[in-house]
Amino acid sequence: MSIQSSESTEISIHDMEWKGIELSESAANRILQLSANGQSFHLSVRPSGCTGFAYEVALIEQALQTDLKLNSRGIEFYVALSAMPMLDGTEIDFVRQGLNSNFVYHNPNVKNMCGCGESFGV
């Protein structure tokens with residue numbers, strides 16, 4: 001993905017300076033547990049729902065060349081470069097509520113959310 005300015009200077013998403021993504025202590029601990037078998041935590045977004053996008057978490061064997069390697073609280077993880085404009089500056093938490101547990105995203109880029117909480121728009 002690249003953006004062309006009015007002066008014909010091309011700006012590449014690869015050359016951007018990112019704020020990054022931070023993990024809470026509980027998210028870092030959960031990712032450490034999930035990646036104990038040698039896989040890596042990978043975050044991306046996918047088109048979904050009524051507002052546009054949903055977070056997509058996966059455990060991967062090997063990162064793609066289009067993934068950014070990030071580090072927070074000593075935990076290395078990957079984020080799809082194409083998702084960074086939507087995820088940059090996000091803090092990921094891991095929350096337990098009764099019998100349920102899930103990652104919670106505090107994303108400063110979100111402009112609207114679906115009523116059910118499944119999708120977001122930027």
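**Exercise 1. Which residue in the hairpin of β6 and β7 takes a positive phi, and how many residues lie between the strands?**

Solution. The model examined here and in the exercises that follow is a predicted one. Begin with the two strands: β6, residues 67-72, pairs with β7 in the antiparallel sense, and the pairing runs over 6 bridges. Within this ladder, Asn-71 of β6 stands opposite Glu-76 in β7. Next, turn to the connection, where the hairpin has 2 residues between the strands, and Arg-73 takes a positive phi near 55°. Arg-73 is found in the loop between β6 and β7, and its positive phi occurs in a residue other than glycine. Finally, consider the surroundings of this residue: Arg-73 has a relative accessibility of 54%, and because the cut-off for exposed is over 50%, Arg-73 counts as exposed.

**Exercise 2. Determine the strand order of the open sheet that contains β8, and explain why β3 and β9 each have a side without a neighbour.**

Solution. The sheet is open and is formed by 3 strands in the order β3-β8-β9, with mixed pairing. From this order, β3 (22-23) and β9 (100-106) stand at the edges with a single partner strand each, so one side of each is left without a neighbour in the sheet. Helix α1, which covers residues 25-34, packs on this sheet and touches β3, β8 and β9, its direction making about 85° with that of β8. To see the sense of one pairing, take β3 and β8 (residues 91-97), which run parallel to each other and are joined over 2 bridges; on the β8 side, Ile-92 is the bridge partner of Leu-23.

**Exercise 3. Identify the buried residues of α1, and establish how they are placed around its axis.**

Solution. The buried residues in α1 are Ala-27, Ala-28 and Ile-31. Since they cover an arc of only 100° around the axis, they lie on the same side of α1. The partners of this side can then be listed, for the buried residues of α1 pack against β3, β4, β7, β8 and β9.

**Exercise 4. Describe the largest nonpolar core, stating which of its residues touch the most other members and which element gives the most to it.**

Solution. This core holds 22 residues, and those touching the most other members are Ile-21, Leu-23, Leu-43, Val-79, Leu-87, Ile-92 and Phe-103. At least two residues each come from α1, β4 (40-48), β7 (75-80), α2 (84-87), β8 and β9, and of the elements β7 gives the most, with 4 residues. As an example of the connections of one core member, Ile-21 can be followed through its contacts: leaving out residues up to four places away in sequence, Ile-21 touches Leu-43, Leu-70, Ser-72, Phe-77, Val-79, Met-84, Leu-87, Thr-90 and Ile-92.

**Exercise 5. Classify the ring pair of Phe-41 and Phe-77 by its geometry, and place it in the chain.**

Solution. A search of the whole structure finds 4 aromatic pairs. For Phe-41 and Phe-77 the ring centres are 6.4 Å apart and the planes stand at 75°, so the pair is edge-to-face, given that planes over 60 degrees apart are put in that class. The pair links distant parts of the chain, with Phe-41 in strand β4 and Phe-77 in strand β7, 36 residues apart. Accessibility adds to the picture, because under 20% relative accessible area is the cut-off for buried: Phe-41 is buried at 1%, and Phe-77 is buried at 0%. Both rings also belong to one aromatic cluster, which is formed by Phe-41, Phe-77, Phe-94 and Phe-103.

**Exercise 6. Decide whether Tyr-105 is buried or exposed, and list its contacts beyond its sequence neighbours.**

Solution. Tyr-105 is found in strand β9. Its relative accessible area is 18%, so Tyr-105 is buried. Apart from neighbours within four places in sequence, Tyr-105 is in contact with Leu-43, Tyr-55, Val-57, Thr-90, Glu-91 and Ile-92. A C-alpha distance completes the description, since Tyr-105 and Asp-93 are 6.4 Å apart in space and 12 residues apart in sequence.

**Exercise 7. Summarise the chain as a whole: how many helices and strands are there, and what share of the residues is buried?**

Solution. The secondary structure comes to 2 helices and 11 strands, arranged along the sequence in the pattern β-β-β-α-β-β-β-β-α-β-β-β-β. Of the 122 residues in the chain, 37% are buried. Among contacts with a separation of 6 or more, 49% are between residues 24 or more positions apart.

Conventions: Residues numbered from 1 in each chain as written. Predicted model: local features only at pLDDT ≥ 70, side-chain atom pairs only at ≥ 80, totals over all residues. Heavy atoms only, no water. Pairing = 2+ DSSP bridges. Contact = heavy atoms within 4.5 Å. Axes fitted to C-alpha atoms, helices over the stretch in contact; angles between N-to-C directions. Core = buried A, V, L, I, M, F, W, Y, C linked by side-chain atoms within 4.5 Å. Buried < 20%, exposed > 50% of the residue type's maximum accessible area, 1.4 Å probe, protein only. Arc of directions from axis to C-beta. Phe/Tyr/Trp six-rings, centres within 6.5 Å; stacked < 30°, edge-to-face > 60°.
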